[in-house]
Amino acid sequence: MDLNTMLSYNWGAMMPEFIILGTTMALSILDLFWPVHFNRRKLAWFALTGIILACLSLISLFSFETVSILSDTFRLDSFAKAFKLLLLIGAGLIILLAHSYEPKEGLREHRGEFYYLFLTALLGAMIMTSSGDLITLFVGLELLSLSSYILVGIRKRDRSANEASMKYVINGGISTAITLFGMSYLYGVTGSVNLGEMSRTMAAMTDGQLQYIMGLAFFMVFVGLSFKIAAAPFHMWAPDVYEGAPTPVAAFLSVISKMAGFVILLRIFLSLFLTAPGDAFGALDFLEKNNIYIASMAGLTIIIGNVVALRQQNLKRLFAYSSIAHAGYLLVAVATLGGGYFLLDTIWYYLLAYVLMNIGVFAVIQLLSSQSGSEDISVLAGLGRKSPYLALAFTIYILSLAGIPGTTGFIGKLNIFLGTFITEPGHFVLAGIMIAGTVVSYVYYFGLLVQIFFRPIHSDKVVKIRSGVSVVLIICAIGTVLFGLFPNIAFDFLHDQFGDFTDFISSE
Amino acid sequence: MNAYLLSLLVFSPLLGILMVALMPKNEERTIKQFGFFGTLPPLFLSFFLCSQHYSGVALSSFNIKLDWIRFGNLEMYDPKLFTVNFELGLDGLSLIFILLTTIISSLAAMASIYIKQGWKGYYLLFLILEIGMLGVFTAENLILFFIFFEMTLIPAFFLIGRWGFLEREKASYHFLIYNGIGSAILLVAILILFARTGTTNIAALTQMMTMGGVSLFAPISSSMKYGLCLAFVIAFAIKLPVFPFHSWMVRVHAEAPPAIVMIHAGVLLKIGAYGIIRFGMGIFPEQYKSLAFGIVLMGVISFLYGALLALVQTDFKLVLAYSSISHMGIVMMGLGALNEAGLQGAIFQVISHGLIAAMLFFLVGALTERSGTVMLPKLGGLAKSMPVFSGFMLACGLASLGLPGMSGFISEFMVFLGLFKSQPVLAAISVIGLVLTAVYILRAVMLMTFGKNDSLVEKEKLDLEGWEFIPALVLLGLILLIGVFPNLLGGPLQGTIEAMMLALGGR
Amino acid sequence: MMENAWLIPIFPLVAFLVLLLVGGRLRERGAYIGIIFTLASFMLSLLTLMERFSAPTYKKTLEWLTLGGTQLTAGFEINQLNALMLVIVSLVSLLVQIYSLGYMKGEGRFSTFYAYLGFFTFAMLGLVMAPNLVQLYFFWELVGVGSFLLIGFYFYKQEAKAAAKKAFIMTRIGDVGLLIGIILLFWETGSFEYGEIFQAVQSGVISDGSLTLIAILIFVGAVGKSGQFPLHTWLPDAMEGPTPVSALIHAATMVAAGVYLVATMFPLFLASEAAMQAVAITGGFTAIFAASIASVQKDVKRVLAYSTISQLGFMMLALGTAGYVAGVFHLMTHAFFKALLFLAAGSVIHAIHTQDIERMGGLWARLKWTGPLFLVGTLAISGFPLLSGFFSKDEILMAAWTNGNYFLFILAVITSFLTAFYMFRLFFMIFAGESRRQAKQVKESPAIMLLPMLVLGVLAVISGYIQTPWFGTFLGEWLVEGNETVLGAAHSEGPAWVMILAVSVALAGILLAYMKYARTKLPREGLVKENSTLYRVLENKYYMDEIYYFTIVQMIKGISLFLSYMERFIIGGLISTVTGSIEGMGKIGSKLQSGQVQQYGMIAFLGLAVLLVIFALTGGYLR
Amino acid sequence: MTGVPLSAYLVLALVLFCIGLYGALTKRNAVIVLISIELMLNAANINLVAFSKLGVTPSITGQVFSLFTITIAAAEAAVGLAILMSLYRNRKTVNVDEMDIMKH
């Protein structure tokens, strides 16, 4: 690989990643050399600028043809574009949140680290969306994971933060190992790490033995990635880690990291297992035949997430379980493959909704908990009277999470259901579990609203809202309602820009 | 102009919302006034619609259809597939329900004067609730219907939980969860239809389900049609509510603020009946026919069960709650009768009970304001201290037990007329309920108004006064009007009923 | 005039509305509004009746309710029967209202009282003018409400409250029967109109079974309204209402509505032998049953109430034995003399402020007008020759005899005897014997009360002469005119000894009463000993109330309580089981979340292992 | 050397993986847990290398992959130990089972 080849690559395709990378490096250098007394908070604006630039460059890449560079390890297809956009939006919002994050003991000198670690994590996620082979995929995954281990524990002197990050490392390490082990088998049966090639080899696979190993590998990869998306029974780290992590990091884990998990899951499933034969005769596709496993995990995740959330008193833990449940809903879409017509629309839209509503919720949690020093749900008490607009915004997010019409959450769920019903026979049991889970979720979601509107005021302290958070709150609230009432804004955008994601599998 | 009139009607409470929202939150008087004025635009618009109808303008000319959502990217198959339009429409049935909604909303807004705190939030939610109700009755497709349906749920949850009586939170939870289950079932049914046919337009679905349409995707088997029809019926039976699904509603009646129960009993429960007529009967006439026996049975059980339980309650609100269950049983009986008399009777019963229940709860509100309780053992002899109130109460009670000359009689008469034709045995069993109804209503009303005057109400200035006459007189007037000239109500319904009967296959 | 007959019920309605709206301010003057409007109504009724003598039946209907292809109509019809009823009702109502002016003096809620009376009169007039069954039912229930309101007029009295409720509910039971009957009839004949129904009945399209069923159901309605056994218990209690109300509603008009109903539906009943039997037997049994109770009651109004029940039974008996004319005739005469009796009793009560006849006596001298008028009424009801009751009762006995139902005939004769006995028992106990009060305390009623009584007294004497075996059967001929084939003969011819028998049993009854109560020649306890079982049974009205209380009322209460426990425990338990199990799952879930990271890993590993094992064992063929 | 079949390497890797998993899930000392995780990652490396040499379609990419993996494993170990150190500073323990202030 000489210089000419290097230069012949269309590096423009990696523009957003380069921008993020550049910002990260700039930030780390700045952090290193700026005087100690200099407020690191300002670095957030650099980071935000970087993200916005990356976003703009990504938008300018929309018209870019699908390319794959670096011998097909990095692909810029519509799938990558679409999900990168979501990642960047989410990251931008979280940076704004982090900007006004003020834990009791303060972040002090770690604030600078926080921003560039955050960006590296983002970079990892972005690479995952674009990766065209297992190596980049794995590297991206680990970049994301390692950065988030540190982010979780960035409050070095906080005991629960230490514990959370330790737990995260151990669990994450195990999951990485399992994933990698599965990937090694996949490599073994195909002899390649390039997704395109692998998919071709696997599609032509007739040897029952190899198919069997491929099945085992599938489960290992799936389980390993399930840690990332916190699907039951691989979800158990999530509540503890969310609780111990700084609120913006919890938001990051529950939104960006989970989104990355789904993206990689889809990448692998769709490019490898969709076309792989499910049995020796090749009558059924692998995914089609084995979707019962995914479906039962989805069901389990929904049940556990919603049911255990009922008993939570800590806001972050509660939303950890809530986000577990939402992962379950998304897994339903994966299991049913969106009925064959709706898969990517559904997941993209749901993740968009999820970004908006969940970051909104975490913004409110951050505001309230940093003010009162407690994360108990009683800090919400009387919010409706104390600061009605904040309460209104929170209500919007909650309604959206609960899937009430008029919000994005509803349209998202609706999409998932369409996918479950459109095939024959429909996935009625799964849909039943999902709808039952939704009803159960009303209990705890509305329990929060009960605190806000029906209970007497918890403390008279006025909630001070920094501009960064208020921007997040407003964007999330407006987005939630806007895309809920006029989802076609999002759908049309998706279809106009990315069509049917037809360039997903194609590779030269 | 006509095309936008309906959307204007549905969203006209927004004007009030805006006005109330702009008020500072301590301006009690102004907020209450604006809140009430906010219910007037829809009221006048609905009157206007009604007058248009009577002057011969076809109701369908008010229909509106705008592009809204398109799910999936299936343009290459058929651009109309999986589209959900914003489409509102009107027919005789919805016109009647809209009138009921606007009238009761205005009166309930008036009765909300009794609300003691949090006026701003109250009226905002109240007006949102009204938008939801208006939307439910005009929605032309299932998704839109569902959206408006849920839109009634959330404000009602807050209104009950925040402004209700002692156990309000529990009541609001029960309300939420039961209705949540109901709407979950509804949603599943709606989405199965949507997923399998690619449309949610009610007319198109009716066409497909009865004539057998072409499905691009997996077809809807006939057993699935039964399932869907049953799902619709159960979902709306929870809303109505009938016997096994009623316990939430009892709590709501007992704990919600009376003005909200006016809306709740007056309009919200009626969505159940509307839904069964529109979707259960409308979309799946074949399947509905074979479920009819079960529906009637459910109705009969509710009718008797509600009446029997109302007999032993000591809280007047609970008496009314069980009486509502009982009366909704009559609706089910009518709906299951599968003939013109039954269906028309059921619709009449819906409207009539809406008015009567609204009036009763208005009176409950007025009494609570004065005595602080509506526990029957604590009341008595109100006829002496509050003769006018007692007169209205008695009139209302009589209306409720189906006295001729009042709206309740017409509906009960028609329902039984219909039921004796199609299910004579069940009808014969259920007539016991007519006697029981008289027993429990007289018991409750007479415990309050008759007897020795030893109740808590023993202060000066007790009787109804001033504005309080307006809701009472308007409602009583409407009850009497329908009772004496039933064709005023029956006229606009004929078209809808005929169409339904045609689909059900004759009388 | 007949085309304007719809105004007849409208007048009292207007009075009702006016009094309701402005009555509070008018106070006692409100009474005049009621009286004037009722007078207008009476005059109009009279004119209508006059016109009806020469003109044919007039009927006018308007569309009322569209029911698919069927149009229900509302309107009015003036035929012989209801033209007559209109006059009776409006006349009695008018008289009672005039009477009340005196009787209710001092009552604070004067206008309310007149408003209720107006409402009742409206409903009753509407009932008799109804051209179809739906409208009849419509007013049928309104009449009940009028009665309910007036019985409960003294709302603060516990007894009045209970009586009002009982009256409404007991009659409601009957009403339900009527309603079912009407509905079934509609499905059999396709119409609610009398004419079409009768046509259908005569054309024989209805099977015998359903015909009988329908007729009996309709009769159930009549049983409730007319206080026939077994739904009679409300009527004596209804005496808690003001006495003029008892005269109007529970003697002359409303309770007669049942008889009117059977008379109106007579062709239907005629078509079913069994239904006729049922009517006759119920009537006959009720007649003697009530008469026996009346013989021992001590409350003047209750005696009259049981007497009313008994007389209504007579009328049913007449109808049931095909004596259409006899029934209607007795209905008319009874209206007059029973109203008279009640008003006179009211006058007595007004004078001495008690209703207990054992505390009365010797009032003949004090109540110079009331006494004779009461006597006239008593004689009339006892069937004393040449008074109205004599003729009408005679007509009934004739009908029963000619119908060939000898058992019922004997019942009727015994009842006649009992009637004479208990009525004169009442009379003598009130007016004969020694006075137990100071002269000053007892005052004759004012003229305003006496005048209506006088009018009724005259009518009680002369009204019988429109249908006598001697001076022609004008009433009967007119009533059956045009319908002879259906309604039967204008007059039942029978052996002359029937009349003699009737007179002699009446006289015997009077004599017995005279001996026992006026002369005290015979011990008062001669016939039935006090404290004997039979006496107690009679005094407690055969324990009917108690039987109902302990069976039906208690049973329903029991069911209700059982259901409310079921609601609380079973349904509530079911709900809490569901919520509890969900909560329990949550509890287990959060217990598993022990904070031990290695345990998390273990669970995850187990998850993986399970997936792999299942996949391995099934070879990936799980589906 | 060439006589060793692919399956032997695969079994070795599997055994190593299981040992690592067992250690990670049972050992109290966090350091050992981290080491066990390394063991699991290295088991995967053995697989990769073995497949690269003896797989159905041998190729060099497997070895490239394992190089990446080794690097990442190192980074992971570093991060893990760093976190463990800061934990130790605050808690004076490296026992995994004492890390349970957040639960339920």
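Here a visitor asks about a predicted model, and a guide answers.

Visitor: Where does helix H21 of chain B bend?
Guide: Helix H21 of chain B covers residues 487-504, and its course changes direction by about 50°. Among the buried residues of H21(B) are Pro492(B), Leu493(B) and Thr496(B), and the residue at which the helix bends is Leu493(B).

Visitor: Which strand helps to cover the buried residues of H21(B)?
Guide: The cover includes helices H4, H5, H12, H15 and H20 of chain B. It also includes residues 58-67 of chain C, which form strand E1(C).

Visitor: Which residue takes a positive phi just after H21(B)?
Guide: Since H21(B) spans residues 487-504, the place to look is just after that helix. A phi of about 90° is found there, and the residue that takes it is Gly505(B).

Visitor: Which helix gives the most to the side of domain 1 of chain A that touches domain 2 of chain A?
Guide: The contact takes 46 residues from domain 1 of chain A and 48 residues from domain 2 of chain A. On the domain 1 side, helices H4 (78-99), H10 (237-244) and H11 (247-273) of chain A each supply at least two residues. The one that gives the most, with 14 residues, is H11(A).

Visitor: How many nonpolar residues does that side of domain 1 of chain A have?
Guide: Sorted by class, the side of domain 1 of chain A that touches domain 2 of chain A has seven charged and 10 polar residues. Its count of nonpolar residues is 29.

Key: Residues numbered from 1 in each chain as written. Chains lettered and ligands numbered in written order. Predicted model: local features only at pLDDT ≥ 70, side-chain atom pairs only at ≥ 80, totals over all residues. Bend = angle between axes of the 7 residues up to and from the residue. Helix = DSSP H or I, 4+ residues; strand = E, 2+ residues; numbered from the N terminus. Buried ≥ 20, exposed ≤ 12 C-beta atoms within 10 Å, placed from the backbone. Contact = placed C-beta atoms within 7 Å. Nonpolar A, V, L, I, M, F, W, Y, C, P; charged D, E, K, R; others polar.
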